[in-house]
Amino acid sequence: MLDSSITIILVEPESVDNIGAVARAMKNMGLSDLRLVKPPANWKARGKKMAVNASDVLWSASVYKSLKEAISDCHVAVALSRRHGTMRREFVPFQKTIQTIGKKSKKWKKAFVFGKESKGLSNDDLSLCDWMTTIPASPKYGSINLAQSVMIVAFSLYAPKMLNADGETED
């Protein structure tokens with residue numbers, strides 16, 4: 001069961017391994033719309049190693065020149081960041097974000113936007129998104145790998161739909 005209403009956008013990803021691992025995480029959780037803004041050279045061929053059997057998600061990924069272009073057909077864009085600052089908006093709690101997005105119509109295109117591994121999203125990119133959230137993590141080390149962050153978001157969206165009250169899958 002693929003959910004085509006959820007889009008994962010990676011802005012200037014630096015590691016082709018992460019791109020492949022993101023494709024795999026997406027397929028594990030029933031997502032297929034991967035968009036890349038300014039990916040590194042040879043990302044498809046080099047990302048295949050980590051994508052394993054999710055090469056279809058990897059190969060069907062779309063490439064964009066800007067985040068503005070990548071979100072142009074999306075009804076809502078959620079930026080993920082762990083960095084606070086005076087130029088950044090207030091964060092919406094992660095669980096509230098997942099619940100709110102989960103309630104939006106399947107007709108709505110909903111994007112989750114992730115930044116480059118070394119610096120995250122720029123203030124300009126953040127300004128294009130409708131709101132910001134962060135994945136709860138230890139305050140001692142809150143930096144989560146890009147592909148792992150995508151998996152946490154995808155699982156958080158997937159689990160409530162697929163697990164019954166006993167924690168068993170419904171398919």
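The exercises below, each with a worked solution, are about a predicted model of one protein chain.

**Exercise 1. Describe the overall make-up of the chain: how many helices and strands are there, and in what order do they run?**

Solution. Begin with the count, which gives 7 helices and 6 strands in the chain. Next, follow the chain from the N terminus, where the order of the elements reads β-α-β-α-α-β-α-β-α-β-α-β-α. Then turn to burial: of the 171 residues of the chain, 46% count as buried. Finally, consider the contacts in the chain with a separation of 6 or more, of which 80% are made by residues 24 or more positions apart.

**Exercise 2. Work out which strands pair with β1, and in which direction they run.**

Solution. Start with strand β1 itself, which spans residues 3-11; 8 of its 9 residues are buried, so β1 is largely enclosed by the rest of the structure. On the pairing with β2, 6 bridges join the two strands, which run parallel, and within this pair isoleucine 9 stands opposite arginine 35 of β2. To get from β1 to β2 the chain passes through α1, and this β-α-β crossover is right-handed. The pairing with β5 rests on 5 bridges, and here too the strands run parallel. Two residues of β1 illustrate it: isoleucine 6 stands opposite lysine 110, while isoleucine 9 has valine 113 of β5 as its bridge partner.

As a last step, look at aspartate 3, which is found in strand β1 and is buried, with a relative accessible area of 9%. The C-alpha atom of aspartate 3 is separated by 9.2 Å from that of tyrosine 158, although the two residues are 155 residues apart along the chain.

**Exercise 3. Decide how strand β5 is placed: which residues point which way, and are they buried or exposed?**

Solution. First take the general rule that, in a regular strand, side chains alternate between the two faces of the sheet. Now apply this to β5, where Lys110, Phe112 and Phe114 point one way and Ala111 and Val113 the other way, and all are buried. With 5 of the 5 residues of β5 (residues 110-114) buried, the strand is therefore largely enclosed by the rest of the structure. Besides β1, there is strand β4 (residues 76-80), joined to β5 by 4 bridges and running parallel to it; in this pair, valine 76 has lysine 110 as its bridge partner.

**Exercise 4. Explain why the buried residues of helix α2 lie on the same side of the helix.**

Solution. The residues in question are Trp43, Gly47 and Ala51, the buried residues of helix α2, which covers residues 43-51. They lie on the same side of α2 because they cover an arc of only 65° around the axis. On the other side of α2, by contrast, Ala45 and Lys49 are exposed. The next step is to ask what covers the buried residues, and the covering elements include α1 (16-28), β2 (31-37), α3 (55-59) and β3 (62-64). Just after α2, the backbone shows a positive phi of about 50° at valine 52.

**Exercise 5. Identify which members of the largest nonpolar core touch the most other members.**

Solution. This core has 35 residues, and those that touch the most other members are Ile8, Leu10, Val22, Leu34, Phe112, Phe114 and Val153. Taking leucine 34 as an example, and leaving out residues up to four places away in sequence, its contacts are Ile8, Leu10, Val22, Ala23, Met26, Val57, Ala61 and Ser62. There is also a second, separate core of 17 residues, which includes Val11, Val37, Ile71 and Cys129.

**Exercise 6. Determine how many disulfides the structure holds, and where cysteine 74 and cysteine 129 stand in this respect.**

Solution. Recall first that a disulfide is a covalent bond between the sulfur atoms of two cysteines. The structure holds 0 disulfides, and for cysteine 74 the nearest cysteine sulfur, that of cysteine 129, is 9.6 Å away. To count as a disulfide, the sulfur atoms would have to be within 2.5 Å. The sulfur of cysteine 129, with cysteine 74 as its closest cysteine at 9.6 Å, is therefore too far away for a bond. Both cysteines can also be judged by their accessible area: cysteine 74 is buried at 15% relative accessible area, and cysteine 129 is buried at 4%.

How values were computed. Residues are numbered from 1 along each chain as its sequence is written. This is a predicted model: local features need pLDDT of at least 70, side-chain atom pairs count only at pLDDT 80 or more; totals for chains, interfaces and linings use all residues. Side-chain values use heavy atoms; hydrogens and water are left out. Buried means under 20% relative accessible area, exposed over 50%, partly exposed in between (1.4 Å probe, protein chains only). The arc is that of the directions from the helix axis to the C-beta atoms. Contact means heavy atoms within 4.5 Å. Two strands pair if DSSP finds at least two bridges between them. A nonpolar core is a set of buried Ala, Val, Leu, Ile, Met, Phe, Trp, Tyr and Cys residues joined through side-chain atoms within 4.5 Å. A crossover is right-handed if, with the strands pointing away from the viewer, the path from the first strand over the helix to the second runs clockwise.
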